[in-house]
Amino acid sequence: MRKVCDSILTCTQERIPLFTKKGYLIKECKTCGHRLTDIADVETHLEQTYSDDYFFEGKEGYTNYLEEKEMLMRSGRKFAKIMSKYTKPGKILDVGCAAGFILKAFEEAGWECYGVEPNDTMASYGRNELNLNIRTGGMETFDADQKFDLINLIEVIGSLYDLDQAMKNVSKLCKQGGFAMVESWDMNSFTAKFYGKNWHEYCPPSVVHWYSDDTLKQLFKYHGFELIAKGRPSKRITLKHGLAIIAENSSPSGLKRKLFRFLSKTMGNVTVPYPPADIKWYLFKKI
Ligand SMILES: [Zn+2]
């Protein structure tokens, strides 16, 4: 079994340069196959990447995250339903929980909810409007005086700036026999291979790691988890969010841009199916 490298900050394995996206060189580790890019300034990374612009200005992120509430709650209910097949409700920690909509769905299903989120506007919204226990910060520095039955890493495992440290904390804070639910994009999917460097998920610096089933499994195995189930989410996103992703990655020219703006304005809140081919959920158990 190939060993996953240590912290991305200190990894000394040879990395093959693949291509540059948005000024970031994306590389693949020769030893474990892990695909990553380096972060320029670790100290200010979270603050700069997950500023309010990320959630409200549509740059790589959301045009207005708060409008995604219903969809995220539906997605949360689906995850809570999956979990009900494996365990009864207990304590959950949602990593990168944003405003806490997914967490709120877990609360409805009987879970005792905790969250950690780098953007303070989002975290405050969750605390004040949804009455959730959300701490502002990153998983790399998160600590708690209790352990959790479930740790959610929904669309967040690619964004951890110090993957090794964050995973150590995930492992430390997960109960023996507890679970980690991960939703992640598959770099070996047809969609990813078809688009190559233009694949929407190659969007540094908000995403800095890319996984296949194999490298994700290795990562969790290294930190004491075993894969017990996986599947494809039937995900829907708003048309507005979908168009923002396409525009960001393909720089559409004049006419197309106008059409995008028109659609976004008139039908932006309509939800459309997200092509599920490149996104999957994975359930890991701490052994
Ligand atoms: Zn490696």
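A salt bridge here is a side-chain nitrogen of Lys or Arg within 4 Å of a carboxyl oxygen of Asp or Glu. These legends go with a predicted model, where local features need pLDDT of at least 70 and side-chain atom pairs count only at pLDDT 80 or more, while totals for chains, interfaces and linings use all residues. Residues are numbered from 1 along each chain as its sequence is written, and side-chain values use heavy atoms, with hydrogens and water left out.

**View 1. K280 and D186 sit in a salt-bridge network.** The closest N and O atoms of K280 and D186 are 3.2 Å apart, which makes the pair a salt bridge. K280 is in strand β13 and D186 is in the loop between β8 (174-185) and α7 (190-195), so to speak two distant parts of the chain, 94 residues apart. Helices (H or I, at least four residues) and strands (E, at least two) are DSSP runs, numbered from the N terminus. Both K280 and D186 are buried, where buried means under 20% relative accessible area, exposed means over 50%, and partly exposed is in between (1.4 Å probe, protein chains only). The network takes in D213 and K230 as well as D186 and K280.**View 2. K286 is a buried lysine without a salt bridge.** K286 belongs to strand β13 (residues 279-286). The nearest side chain of opposite charge is D149, 11 Å away; for this purpose Lys and Arg count as positive and Asp and Glu as negative, with His and the chain ends not counted. What does the side chain of K286 have a polar atom close to, 2.8 Å away? That partner is the backbone oxygen of S171. The backbone oxygen of C174 is another, at 2.9 Å from a polar atom of the K286 side chain. Polar contacts are pairs of N or O atoms within 3.5 Å; within protein, one must be able to donate a hydrogen and the other to accept it, and residues adjacent in sequence count only if both atoms are side-chain atoms.

**View 3. D38 and K27 pair up in a salt bridge.** Their N to O distance is 2.5 Å. D38 sits in the loop between β3 (35-36) and α1 (45-49), K27 in strand β2 (residues 24-29), and the two are 11 residues apart. D38 counts as partly exposed because its relative accessibility is 37%, whereas K27, at 13%, counts as buried. The salt-bridge count for the model comes to 13.

**View 4. E108 and R77 make a salt bridge between two helices.** The closest N and O atoms are 3.0 Å apart. E108 is in helix α4 (residues 101-108) and R77 in helix α3 (residues 69-84), so this pair ties together parts that are 31 residues apart in sequence. R77 has 37% relative accessibility and therefore counts as partly exposed.

**View 5. Four basic side chains gather in a positive patch on the surface.** The members are R257, K258, R261 and K265. Patches are made of residues with over 30% relative accessible area and no salt bridge; like charges are joined within 9 Å, and nonpolar side chains (Val, Leu, Ile, Met, Phe, Trp, Tyr) within 5 Å. The place of a charge is taken as NZ of Lys, CZ of Arg, CG of Asp or CD of Glu. R261 lies in helix α10 (residues 254-267) and counts as exposed because its relative accessibility is 53%.

**View 6. F190, F194 and Y195 form a nonpolar surface patch.** Together they have about 420 Å² of accessible area, computed by the Shrake-Rupley method with a 1.4 Å probe; for residues, only the protein chains shown count as cover. F190 is part of helix α7. Is F190 buried or exposed? It counts as exposed, at 65% relative accessibility.

**View 7. Here are some backbone oddities, starting with the cis peptide bond between P204 and P205.** Most residues other than glycine have a negative phi, and most peptide bonds are trans. Omega for the P204 and P205 bond is about 5°, and P205 is in the loop between α7 and β9 (209-210). N131 is not a glycine, yet has a positive phi of about 60°. N131 falls in the loop between α5 (120-129) and β6 (133-136) and, at 65% relative accessibility, counts as exposed. E155 also has a positive phi, near 50°. Its loop runs between β7 (148-154) and α6 (163-173), and E155 is partly exposed, with a relative accessible area of 24%.
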